[in-house]
Amino acid sequence: LVSIDYLLDFLIAVDFLGCERLKSVLEEIVKNKITESNWKKVFHYTKNIPGLVNTSKNSMSPICARLVELAKGKDSLSLECDSCQQEYTKYTASTLKLMLKNDILVVSLKFDILRNWFFENSEAKGEILSMLKIIEFKELKDSKVEEIRREVKTWNIGKEHEKSLNELIETAKKEREMERVRLEEEKKKLMNGRMVGLFMFALFEM
């Protein structure tokens with residue numbers, strides 16, 4: 001069996017040489033070998049290599065999976081229920097951003113994690129807006145978005161950041177509406193196509 005250390009060294013070399021196809025294959029192999037026992041090694045191996053940002057993000061899947069389990073059946077993951085917060089609240093802002101981009105996390109959980117991190121890192125107000133941009137607001141119901149807006153307002157991140165957050169939310173709402181209209185139009189086209197098909201079939205049957 002090939003060790004994770006060998007695969008990482010190989011991946012770093014392939015990235016350096018610019019072999020994108022081979023790198024993509026190796027990234028997937030490494031991703032499938034990430035476990036609870038080795039994910040920190042993978043992260044520290046790759047975190048400072050710009051070309052391996054996907055592997056760095058994927059390396060955090062085990063802690064993200066634990067958070068998903070903790071959040072099951074809960075409306076919100078509070079600090080009291082979050083046994084992982086002692087670990088991730090020590091992360092730098094850049095590390096937490098990578099974590100929030102992990103595909104395992106649902107949108108509402110991303111905000112819970114960010115909120116819990118901010119409670120322990122309130123001096124990082126300047127980073128909050130860039131972190132909030134990672135949260136896909138258009139995937140959330142309006143009631144949840146408003147709940148987040150009210151919550152963030154209590155963080156005292158400043159008028160300019162609050163204004164930017166409001167703009168971010170309004171843009172997300174417009175994108176969601178555009179997506180809804182697009183899907184409705186596609187649905188109508190599909191239905192019209194079926195009606196035409198049924199009509200033609202009926203004509204041939206006469």
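Which residues does histidine 161 touch, not counting residues up to four places away in sequence? Histidine 161 touches Lys125, Gly126 and Leu129, where contact means heavy atoms within 4.5 Å.

This is a predicted model, in which local features need pLDDT of at least 70, side-chain atom pairs count only at pLDDT 80 or more, and totals for chains, interfaces and linings use all residues. Residues are numbered from 1 along each chain as its sequence is written, and side-chain values use heavy atoms, with hydrogens and water left out.

**Overall architecture**

The protein chain holds 11 helices and zero strands; helices (H or I, at least four residues) and strands (E, at least two) are DSSP runs numbered from the N terminus. The chain is more spread out than a compact globule, because its radius of gyration is 22 Å, well over the 17 Å that the globule rule gives for 206 residues. That radius is taken over C-alpha atoms, and the rule is 2.2 Å times the number of residues to the power 0.38. Along the principal axes, the C-alpha atoms fill a box of roughly 70 × 50 × 35 Å.

Of the contacts in the protein chain with a separation of 6 or more, 67% are accounted for by residues 24 or more positions apart. Buried residues make up 37% of the 206 residues; buried means under 20% relative accessible area, exposed over 50%, and partly exposed in between (1.4 Å probe, protein chains only).

**Nonpolar core**

The largest nonpolar core has 51 residues, and those with the most contacts inside it are Tyr88, Leu96, Met99, Trp117 and Phe137. Such a core is a set of buried Ala, Val, Leu, Ile, Met, Phe, Trp, Tyr and Cys residues joined through side-chain atoms within 4.5 Å. Helix α8 (residues 107-120) gives the most to this core, with seven residues. Leaving aside neighbours within four places in sequence, tryptophan 117 is in contact with nine residues' worth of partners including Tyr88, Leu96, Ile128 and Met131.**Two individual residues**

Asparagine 58 and histidine 161 are set side by side below.

| Residue | Helix | Relative accessible area |
|---|---|---|
| Asparagine 58 | α4 (residues 53-59) | 14%, buried |
| Histidine 161 | α11 (residues 159-205) | 21%, partly exposed |

Leaving aside its neighbours within four places in sequence, asparagine 58 is in contact with Lys31, Ile34 and Asn102. Histidine 161 and the core residue tyrosine 88 are 73 residues apart in sequence and 24 Å apart in space, C-alpha to C-alpha.
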